[in-house]
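Please open the model in your viewer and keep the selection panel at hand. The tour begins with a pocket and then moves on to the packing of helices.

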Amino acid sequence: TLSLHGALPISGSALLLGSLTAWAEWVGRTWRATRGLHGPMHHFLAAGAAWFALGGVTLFAWQLGQTWGGPLLRVPLEAVYAPVLFGGAASWLLGVFLRAGLCTLRLPQPKPRAQFTLFFAWQIAVAVTVLAQWRSRTEWDVVASGMLAAAVAVGAWALRPWRGPDASDGT
């Protein structure tokens with residue numbers, strides 16, 4: 001039988017999963033309603049919403065494992081944090097920085113190709129990091145760490161913050 005001690009965390013994670021999924025679906029509807037208006041910032045925000053929804057799925061699965069045992073019991077809590085922090089929060093921070101951060105710091109807008117390179121490098125690195133958390137601690141962790149470091153380097157190349165305020169991007 002399921003005790004109150006087990007039912008509350010499962011109920012809470014199910015409610016969070018539902019709300020994150022509804023929010024991601026709303027972001028998706030907004031995306032579809034504004035076709036043609038999507039820049040790199042919007043890609044980061046949409047991907048971040050999807051990562052947050054995946055975080056809700058992983059939390060629910062992790063909580064089921066903690067309550068009922070089985071194979072999900074071996075999954076570390078980092079498997080929940082990885083999609084939420086690296087995927088969701090970092091994607092939103094990068095996306096907002098591409099608009100507000102650059103303006104605030106008076107940095108030039110990176111070329112669209114550099115921004116999309118950063119987008120794909122970050123999303124692939126996060127996907128490998130999320131997968132690594134569901135595996136037993138293996139070489140996946142080393143690969144994931146290397147990919148995240150490479151994505152940060154791509155971000156530095158794309159944003160070039162050392163150019164300083166009001167610097168020209170060469171165009």
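In this predicted model, begin with the largest pocket, whose volume is about 150 Å³. To bring its wall into view, select Trp 26, Val 27, Thr 30, Trp 31, Thr 34, His 38, His 42, Leu 45, Ala 46 and Trp 92, which are the residues that line the largest pocket. Colouring this lining by residue class will give 6 nonpolar and 4 polar residues, with no charged ones.

Next, colour helix α1 (4-33) and helix α2 (40-68), each of which supplies at least two residues of that lining. The largest share, 4 residues, comes from α1.

Keep α2 on display and add α3 (78-104), then look at how the two helices pack: their axes are 7 Å apart and the angle between them is about 165°. An angle over 145° counts as roughly antiparallel, and α2 and α3 are therefore roughly antiparallel to each other. The crossing in which α2 passes α3 is left-handed, and the residues of this contact comprise 19 nonpolar, 8 polar and 1 charged.

Finally, hide α2 and show α4 (residues 112-134) beside α3, where the two axes come within 8 Å and cross at roughly 170°; α3 and α4 are therefore roughly antiparallel to each other. To see the contact itself, select residues from both helices, including Phe 86, Ala 90, Leu 94 and Leu 98 of α3 together with Leu 118, Trp 122, Val 126 and Val 130 of α4. Over the whole contact of α3 with α4, the residues divide into 12 nonpolar, 6 polar and 1 charged.

How values were computed: Residues numbered from 1 in each chain as written. Predicted model: local features only at pLDDT ≥ 70, side-chain atom pairs only at ≥ 80, totals over all residues. Heavy atoms only, no water. Axes fitted to C-alpha atoms, helices over the stretch in contact; angles between N-to-C directions. Parallel < 35°, antiparallel > 145°, perpendicular 65-115°, else oblique. Contact = heavy atoms within 4.5 Å. Nonpolar A, V, L, I, M, F, W, Y, C, P; charged D, E, K, R; others polar. 1 Å grid on protein atoms, 1.4 Å probe; cavity = no way out; pocket = protein on both sides within 12 Å on 5 of 7 lines; lining within 4 Å. Points joined across faces, edges and corners; volume = space filled by probe spheres on them. Left-handed = near helix turned anticlockwise from the far one by under 90°.
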